[in-house]
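Q: I am new to this structure and would like a close look at a single part, the largest pocket. Please set it in the context of the whole protein and of some individual residues.

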Amino acid sequence: MPPSLQKAWTELVLPLLRRPERMQVSALCHRRDASGKTEILLITSRGTGRWILPKGWPIDGLSGAQAAHMEAWEEAGVAEGAIGQKPLGDFGYSKELGGGPPVPCRAYVYPIRVLRMDDDYPEAAERDSIWVTPAKAATMVDEPELRAILADPELMTKATAQEGMILRARTSDTI
């Protein structure tokens, strides 16, 4: 390609084709099983059925952690949880939106220690869920940056160190 076309391509055309990353919030829902082992909640995506963390768009009037908890309620039935206010990390992925080109997104992962689950929640009929160890979860998700977060040996220490507000999903009221 001639230098003038290469310059036009890289300086004019490519920037128009690239879309900025959109922000999402994600919930790292965790609990201890009967033997004391840590488990992470994964759900299936509605479109492809792949294993993911609950996630969604920020919600006006709610912090990132509160919005992540609302997503965990709507998508997985997390009715009550102790939330951490700081993300444990973030990961990038492409989101399909209504038949258009994929939108690049960056999801910020907030920890939620699950205190109570509910079987009756908005997307119950649309998703499957499973509780697995963090190491197993890391092998089940597709996003490399999320795999790295889940595989971090200090993950649960970081998650439990910042537990704060306890939220009930249906009202988002602090207890």
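A: The account below begins with the whole protein, turns to the pocket, and then follows several individual residues.

This is a predicted model, in which local features need a pLDDT of at least 70 and side-chain atom pairs count only at pLDDT 80 or more, whereas totals for chains, interfaces and linings use all residues. Residues are numbered from 1 along each chain as its sequence is written, and side-chain values use heavy atoms, with hydrogens and water left out.

The average pLDDT (the predictor's confidence in each residue, from 0 to 100) is 87 for the protein, and 89% of the residues score at least 70. Over residues 171-175 the pLDDT stays under 50. For that stretch the model has 11 contacts (heavy atoms within 4.5 Å) beyond four places in sequence.

The secondary structure comprises five helices and nine strands; these are DSSP runs, numbered from the N terminus, with helices being H or I of at least four residues and strands E of at least two. Along the sequence they follow the pattern α-β-β-β-β-α-β-β-β-β-α-α-α-β. Of the 175 residues, 42% count as buried; buried means under 20% relative accessible area, exposed over 50%, and partly exposed in between, with a 1.4 Å probe and protein chains only. Among contacts between residues at least 6 apart in sequence, 69% join residues at least 24 apart.

The pocket itself comes next. Rolling a probe the size of a water molecule over the atoms shows where empty space is left. On a 1 Å grid over the protein atoms alone, a cavity is a set of points where a 1.4 Å probe fits but cannot get out, while a pocket is an open set with protein on both sides within 12 Å along at least five of seven lines; lining residues have an atom within 4 Å of a point. The largest pocket has a volume of about 450 Å³, a volume being the space filled by probe spheres set on the points, with grid points joined across faces, edges and corners. It is lined by 18 residues, of which Ser45, Arg46, Gly47, Lys95 and Glu96 are the closest to its centre.

Strand S4 (55-56), helix H2 (64-76) and strand S6 (89-95) each supply at least two residues of this lining, and S6 gives the largest share, three residues. By class, the lining contains nine charged, six polar and three nonpolar residues. Here Asp, Glu, Lys and Arg count as charged, Ala, Val, Leu, Ile, Met, Phe, Trp, Tyr, Cys and Pro as nonpolar, and the others, Gly among them, as polar.

Aromatic pairs deserve a word as well. The structure holds two of them, one of which joins Phe91 and Tyr93. Rings of Phe, Tyr and Trp (its six-membered ring) pair if their centres lie within 6.5 Å; planes under 30 degrees apart count as stacked, over 60 as edge-to-face and the rest as tilted. Phe91 and Tyr93 are tilted, with 5.8 Å from centre to centre and 35° between the planes, and both residues are buried.

Individual residues complete the context. Glu163 lies in strand S9 (residues 163-168) and counts as partly exposed because its relative accessible area is 27%. Beyond four places in sequence, Glu163 contacts His30, Ala82, Ile83 and Arg113. Ala82, in strand S5 (residues 78-84), is buried because its relative accessible area is 2%.

Met117 belongs to strand S7 and is partly exposed at 32% relative accessibility. Its contacts, apart from residues up to four places away, are Leu41, Ala76, Gly77, Val78, Ala79 and Trp131. The C-alpha atoms of Met117 and Gly77 are 5.5 Å apart, although 40 residues separate them along the chain.

Asp128 sits in the loop between strand S7 (103-117) and strand S8 (129-132). Its relative accessible area is 53%, so Asp128 counts as exposed. Even so, Asp128 touches Leu42, Ile43, Thr44 and Trp51, leaving aside residues up to four places away in sequence.
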